[in-house]
Amino acid sequence: MTQRHDLPAQVLPRRGQSIPPEFFRAIAESTVDWESWQSANGQVVWVNQAVERFTGYTPKKCLAMDDYPLPMIAAEDRERMGRHLEEASKGSTGNNVEFKVLHRDQSTSWVAVSWQPMTDREGNSLGFRASFRDVTERRQMREQLREQLREQNAELEHLVQMRTAKIAQLEKHRLKMEKLAALGELAAGVAHEINNPLAGIRNAFALLKRHLPSNVKHYDKLDLIDGEIERIRGITHQMFQLYRPSQQKADVFNARRCLEELMSLALPMSRKFKVKVKLERAELPATKELGVDEVLLREGELKQILLNLVHNAIQASSPGQEVRLVVTANDDTLVLRVIDQGCGIADDVIDSIFDPFFSTKTTTVGQGMGLGLSVTRGLTEAMRGTIDVSSQPNEGTEFCVQLPRCLKTEPEEN
């Protein structure tokens, strides 16, 4: 609290008179700041009443201190401020030097001190005057600002890292797409060259088979040959799909019926491998554009995506295990998850499973050329969807396909 000093009228100076010392002392005692005067050898000569508000020590206690004001300075700042006091005794000037004041009750607060040398009329040194101002609030605001800046910098750094990682991911995806496009173009060219003579072989074989009696030796091998020709045709068809854009048109159809048909298509392989395929689906809600269980997609390609994934899951499973096809949806997105309990996919190859001609089925003869998942991803992305995989070796694999429920292929009018 500022101490008020009322001087008698007789001590107030009149115009033209010199100002008495009591008037200056009254001004110094009435200031909010902690003021002090120390001699050239560092001894305290005078200190105002404000010191008690800052430190809890009275001016009388301060005048009795041998090393004023060091006992009232926090330990971590004491040595530094002692050096400043020595410089002040030698005539230096300082401004707004901050340190922590140690209150008599052991609490601390921040102050800023400024000092200037004092001389008499003849220029003889009278020591120095020091003024201490409370800057605790300013210091707190500064720390809060620094903390906010640190948080903002951390957030910006995080955003930069995310953007950098996203750019790297997009660049990696671009390079991969270029590689896949080149492979797809090559595969389509090879498929075209194979397909023409293959059609001739198949027609000639069908004609030959029709005119051979069934009692001819090795007649039973003809069905095997026919199956292998069909398998080659299927491979060439997949190779075409790697490069050729989809020719199908998106139409509205009932997803429940499509899934039931898919289960029928998966049944032969399910029985062959003794693996149960279970469909778990929720009713698709009606929207402004679609009724209950309806989607606007390419039906044939949706079936092929799911059939590829279900067949892969069956082949990865052991007899007696189960493959689950879980279907959910909201107004905008159709989510299809194919989950098996099979052998899983090793961590060192899981990033390559969508690459053309990459296959984990090398130990089994006749399991394809590693085109199924490449085609599946191509069909999924062509319908503006995504496909992700998660797997644990010897525990199973889950493929998750997300497609827009309503695929709008026509450009919107402006």
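Two strands pair if DSSP finds at least two bridges between them. In this predicted model, strand β1 (residues 34-38) and β2 meet that condition, with three bridges in the antiparallel sense. Trp-37 stands opposite Trp-46 in β2.

β1 also pairs with β5, again in the antiparallel sense, over five bridges. Here Gln-38 stands opposite Phe-128 in β5. Phe-128 in β5 also has Pro-117 opposite. β5 pairs with β4 as well: nine antiparallel bridges join these two strands. β4 and β5 form a hairpin, and five residues lie between them. In the turn, Gly-123 has a positive phi of about 90°. Strands of a sheet pair through backbone hydrogen bonds, either parallel or antiparallel.

These pairings belong to an open sheet of five strands. The order is β2-β1-β5-β4-β3, and the pairing is antiparallel. The edge strands are β2 (44-47) and β3 (94-102), each of which pairs on one side only. On average, neighbouring strands of this sheet are turned by 25° against each other, with direction ignored. Helix α4 (residues 75-89) lies across four strands: β1, β3, β4 (108-119) and β5 (125-134). The helix runs at about 140° to β3.

The model was also searched for open space. Rolling a probe the size of a water molecule over the atoms shows where empty space is left. The second largest pocket holds about 650 Å³ of space. Its lining consists of 16 residues. Gln-169, His-173, Lys-176, Arg-377 and Ile-387 are the closest to its centre. Three elements give two or more residues to the lining: α5 (136-211), α9 (372-382) and β11 (386-392). The largest share, six residues, comes from α5. By type, the lining of this pocket divides into seven charged, five nonpolar and four polar residues.

Confidence varies along the chain. The protein averages a pLDDT of 83, and 84% of the residues score at least 70. Over residues 1-12, however, the pLDDT is below 50. This stretch has 15 contacts in the model beyond near neighbours in sequence. Residues 362-366 also stay under 50. For them, the model has one contact beyond four places in sequence. Where pLDDT is low, the predicted coordinates should not be read in detail.

Definitions and conventions: Residues numbered from 1 in each chain as written. Predicted model: local features only at pLDDT ≥ 70, side-chain atom pairs only at ≥ 80, totals over all residues. Heavy atoms only, no water. 1 Å grid on protein atoms, 1.4 Å probe; cavity = no way out; pocket = protein on both sides within 12 Å on 5 of 7 lines; lining within 4 Å. Points joined across faces, edges and corners; volume = space filled by probe spheres on them. Nonpolar A, V, L, I, M, F, W, Y, C, P; charged D, E, K, R; others polar. Axes fitted to C-alpha atoms, helices over the stretch in contact; angles between N-to-C directions. Contact = heavy atoms within 4.5 Å. pLDDT = per-residue confidence, 0-100.
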